[in-house]
Amino acid sequence: MSGAAHKDILVNKVISKDELANGLTSQTSKTVNKPMIEVLILTFNEAIHIAETVENALQLGPVFVLDSASTDGTQALAKQAGATVVEHQWEGYAKQKNWGLDHLSWRGKWLFILDADERVTSALRDELLKIVASTNKQHDGYFVNRLMFFMGKAIRHGGLYPSWNLRFFKRGSARYEDRLVHEHMICQGSTGYLKHEMIHIRCENLSQYIQKHIQYADLESDQWINQKYHGAKETPASYLFKKQLRLRQWLRRRIWPKLFGRPIWRFAFMYFVRLGFLDGRVGFHLAILMAQYEYMIGLLYFQKIQDIQNSHLSQNKAASSPA
Amino acid sequence: MTTSRFKPASVPISVVVLTKNEQANIADCLRNLAFSDDIVVLDSYSQDQTPAIVQSYKNVRLQQRHFDTEYKQRNFSLHEIAYKNPWLYICDADERLTDELIEEMLSCVSDPQQKDDAFRLRYKNMYLGKWIKHATSYPVWIIRLVKPKQVHYEQRQTNVHPIVAGSIGELNEHFIHNSFSNGLKHWFSKHNFYSGREAIEAVGVRQQGCPTWRELRQKDPMARRRAIKNLSFFLVGRAFFRFIYQYILQLGFLDGLAGFHYCAMISMYEYWIEIKITEQEKNWDKDTRELAKQSLTEVV
């Protein structure tokens, strides 16, 4: 990776004294390019997971928990488990993660980003440590495959697996794109794929799972509205992925919102094309829930367009009526 | 329609409105209820502006109580609040009374001949500015005008019905129900919550066994409906059958695109109930944790 690109990505840091005491970086602290891995975990009310997650992540190296004012004791549990805890007000997934990348007192060269409900398997850990210690050519970022456990099963089909996420990278070479939800990491540099996988344990009950879908559908429809009315630009797909994935992202972000009958297409795609039926009943349920998620986006999008048009109408009326 | 032309003081009907986070609706609702001289809002400690809005209406009393279960909250509203008038109208924040309905209620309760202890009536469901007549199984009769001492709510997780000690009369006029006045997102969240409650209820019912033929043919229409509902908890594919029933048998397709979406959303809700029943009965959560643990300790 070129030094120039590196500089572009690092943002100016403005840090108060209190924050320094909290374990944040200072402008004078020099980067020590030791061959070690540090882990960033974002949390909000993750008390049921966090102790186990930190314990698991500590096998890689020092762990930073960036918490957005949890009220369930997450911070204390994380500290107790051995993590450095920093609190920062929530501004959205991408912004929060980028803030963590910019402002925490990282000392090493390699970063791994983990969610509270994810774990690193021992095989993946060995692979990561090997890469870090290796003197051969290293990539700047690595995609990690993720296996999900949900509804009492490991989900291996339906397009949910393999699930490649750029989570392991040289510090400064990758950031999250600015998007309301389902943000991706953009890596300026060469990328590779890891052989072993991490696991994703979905312990939430269905009410929580559906509530998340409702929340995401609301954000996703906002994103579509922003694109339609306010000219918000999606990150060009070319930045996001290796070539074979660019077409998919282009279809998903440009063509998909204009398609008719999205819920049905989504179901057919997951259940038949991506072989979701091989996961049995759970595969069926996941495909249906996904189709419903798609349907909710469509309904919310439609409602929001109507609301905007109605408010335009009433504004026009108010403007044209005699004072 | 939102502001009634009737003046207070001459009306023997009190009104109670149960609320939680209804800031979008409550002001309109209270203006609509201005015909009554005794309006009480029983609020489940809303986190939005609802209490403040209610307090800005001088003719309205605000009372707050923590929500435990629906029937307890509703029974509290009937029996623990002192009302000025012998009759009580039970209203939701997203419902509006027409002037014709108010007029009919007044003439009914002031008629010295009438012997009833409660009145039931029908309502019109609105979506996208239209009355969704078929897709909502119109007409559904519900009890809203009562003598509070003669009525209590049945003990159930959600969707509780009032039980009347005495006779029930009927009103001809309708009230208007706007299911989506808080926006679709609110509707989804609310039905996500309700479906969880229904599933808990269903798991209990399923443990007791299928309702008998006799229970399904009871004379009392409320009890019969309840038995049929209990039977439905044993059905596989509720979402699919509900859609067929609502959209085709009940002629929901006559309501146009709004009718289609309404049926699809109700069917989604039914699906959530069914899948949440399975979740509890199969104990998915435990299996997930155990499987994940195994995969972490596996040696490659």
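**Nonpolar patch, cores and salt bridges in a predicted two-chain model**

Let me begin at the surface, where L247(A), W250(A), L251(A), I255(A), L259(A) and W265(A) make a nonpolar patch of about 590 Å²; patches take residues with over 30% relative accessible area and no salt bridge, nonpolar side chains (Val, Leu, Ile, Met, Phe, Trp, Tyr) being joined within 5 Å and like charges within 9 Å, and the areas come from the Shrake-Rupley method with a 1.4 Å probe, only the protein chains shown counting as cover for residues. This is a predicted model, in which local features need pLDDT of at least 70 and side-chain atom pairs count only at pLDDT 80 or more, while totals for chains, interfaces and linings use all residues. Residues are numbered from 1 along each chain as its sequence is written, chains are lettered from A and ligands numbered from 1 in the order in which they are written, and side-chain values use heavy atoms, with hydrogens and water left out.

Helix 9 of chain A, residues 243–255, gives the largest share of the patch, 4 residues; helices (H or I, at least four residues) and strands (E, at least two) are DSSP runs, numbered from the N terminus. L251(A) sits in that helix, and is partly exposed because its relative accessible area is 40%, where buried means under 20%, exposed over 50%, and partly exposed in between (1.4 Å probe, protein chains only).

Now to the interior. The largest nonpolar core, meaning buried Ala, Val, Leu, Ile, Met, Phe, Trp, Tyr and Cys residues joined through side-chain atoms within 4.5 Å, has 51 residues, and those with the most contacts inside it include L289(A) and F188(B). Helix 11 of chain A gives the most to this core, with 15 residues. Leaving aside residues up to four places away in sequence, L289(A) touches residues of both chains, among them M151(A), H213(A), Y271(B) and W272(B), contact meaning heavy atoms within 4.5 Å.

Finally, the charged pairs: there are 31 salt bridges over all chains, each a side-chain nitrogen of Lys or Arg within 4 Å of a carboxyl oxygen of Asp or Glu. In one of them, E270(B) and R242(B) bring their closest N and O atoms to 2.4 Å apart; because E270(B) lies in helix 9 of chain B and R242(B) in helix 8 of chain B, the pair ties together parts that are 28 residues apart in sequence. E270(B) is buried, at 6% relative accessibility, whereas R242(B), at 27%, is partly exposed.
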